[in-house]
Amino acid sequence: MGDRSVGDRLKDFEEVDCGLTPQEAIEEAGRCLQCKKPGCVDGCPVNIDIPAFIALIAQGKFLEAAASIRQQNLLPAICGRVCPQETQCEALCILGKKEAPIRIGQLERFAADQERAKGLTIPARKALTGKRVAVIGSGPAGIVAAGELAKCGHSVVMYESLHAPGGVLTYGIPSFRLPKDVVKAEIDLILAMGVDLRLNHLVGRTVSYEELDSFDAIFLGTGAGLPYFMGIPGENLSGVYSANEFLTRVNLMHAERFPEYDTPVARMN
Ligand code: SF4
């Protein structure tokens with residue numbers, strides 16, 4: 001997969017990787033041995049049927065490949081970009097013993113991007129069960145839990161304390177690595193399945209714990225948002241940020257565009 005030129009990347013914060021072309025994707029997929037006991041699937045935390053979707057790409061059936069991935073993973077465009085495939089599925093690809101393993105992550109991303117370009121199809125839902133589930137936190141865990149619960153026919157309310165959904169996908173990962181329109185498209189698909197997203201709702205304050213009693217189940221996906229300080233001199237000085245605060249100021253509050261946006265970030269002159 002190629003990168004944009006350094007000259008171009010100096011001028012903006014757009015995505016660095018260009019993605020595969022259809023021809024490159026077909027060629028890469030064609031290298032797959034379609035193993036009977038695929039190590040790649042064992043290496044995938046959600047056990048995507050990797051040989052199946054790769055075979056579809058090799059046949060030029062890109063949308064079918066994306067649909068195949070979505071059976072196990074509702075966030076293929078995100079995972080194709082930010083999962084550490086080199087230590088997971090690709091690390092267990094049999095081809096890695098003699099040559100480069102199949103670029104599974106790049107192929108996953110390719111299929112998902114093709115699907116997004118054509119218009120995402122809302123996954124089917126089972127008949128409503130009458131059960132209600134509260135999902136607290138709209139980061140990756142909350143989003144996927146909400147989507148899977150909606151697929152099962154449960155009614156889902158997802159609470160987010162910030163003004164934008166996505167959790168670490170939105171505030172923690174810069175757009176040159178994970179474009180925000182990619183995150184938005186995958187979250188929008190989950191909302192289109194009927195998930196009720198309530199932004200600016202801090203559970204325990206905006207929403208009382210008693211109000212949550214009316215739900216049949218509660219999923220806590222609050223993430224690991226608190227920073228860990230090192231206990232060294234100067235860490236409390238003005239202009240010294242934890243990584244979380246710095247990333248939130250820039251990615252979520254657009255500090256790089258201060259004063260157009262209200263939130264600044266300290267700069268060394
Ligand atoms: S282990 Fe590698 S070669 Fe075998 S099916 Fe998985 S991706 Fe293809």
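A crossing of two helices is left-handed if the near helix is turned anticlockwise from the far one by less than a right angle, and right-handed if clockwise. In this predicted model, helix α5 passes helix α7 in a left-handed crossing. Beyond that pair of helices, this briefing takes up the largest pocket, with about 600 Å³ of space, and the largest cavity, with a volume of about 100 Å³.

**Packing of α5 against α7**

- The axes of α5, which spans residues 62-70, and of α7, which spans residues 104-118, come within 8 Å and cross at roughly 110 degrees.
- Angles of 65 to 115 degrees count as roughly perpendicular, and α5 and α7 are therefore roughly perpendicular to each other.
- On the α5 side the residues that take part in the contact are Phe62, Leu63, Ala65, Ala66, Ile69 and Arg70, and these meet Glu108, Phe110, Ala111, Gln114, Glu115 and Lys118 of α7.
- Sorted by class, the residues in this contact of α5 with α7 comprise seven that are nonpolar, one that is polar and four that are charged.

**The largest pocket**

- The lining of the largest pocket is made up of 28 residues, and those that lie nearest its centre are Glu160, Ser161, Gly221, Thr222 and Gly223.
- Three helices, namely α8 (140-151), α9 (168-171) and α11 (243-252), each supply at least two residues of the lining of this pocket, and α11 gives the most, with three residues.
- In terms of residue class, the lining of the largest pocket has 13 nonpolar and 13 polar residues, together with two charged residues.

**The largest cavity**

- When the whole structure is searched for cavities of 30 Å³ or more, one is found.
- The largest cavity is lined by 14 residues, and nearest its centre lie four cysteines, Cys32, Cys35, Cys40 and Cys93, along with Ile94.
- The elements that give two or more residues to the lining of the largest cavity are α3, at residues 39-43, and α4, at residues 50-58, and of the elements that contribute, α4 gives the most, with three residues.
- By class, 13 residues in the lining of the largest cavity are nonpolar and one is polar, while no charged residues occur there, whereas the lining of the largest pocket includes two charged residues.

Notes
Residues numbered from 1 in each chain as written. Predicted model: local features only at pLDDT ≥ 70, side-chain atom pairs only at ≥ 80, totals over all residues. Heavy atoms only, no water. Axes fitted to C-alpha atoms, helices over the stretch in contact; angles between N-to-C directions. Helix = DSSP H or I, 4+ residues; strand = E, 2+ residues; numbered from the N terminus. Parallel < 35°, antiparallel > 145°, perpendicular 65-115°, else oblique. Contact = heavy atoms within 4.5 Å. Nonpolar A, V, L, I, M, F, W, Y, C, P; charged D, E, K, R; others polar. 1 Å grid on protein atoms, 1.4 Å probe; cavity = no way out; pocket = protein on both sides within 12 Å on 5 of 7 lines; lining within 4 Å. Points joined across faces, edges and corners; volume = space filled by probe spheres on them.
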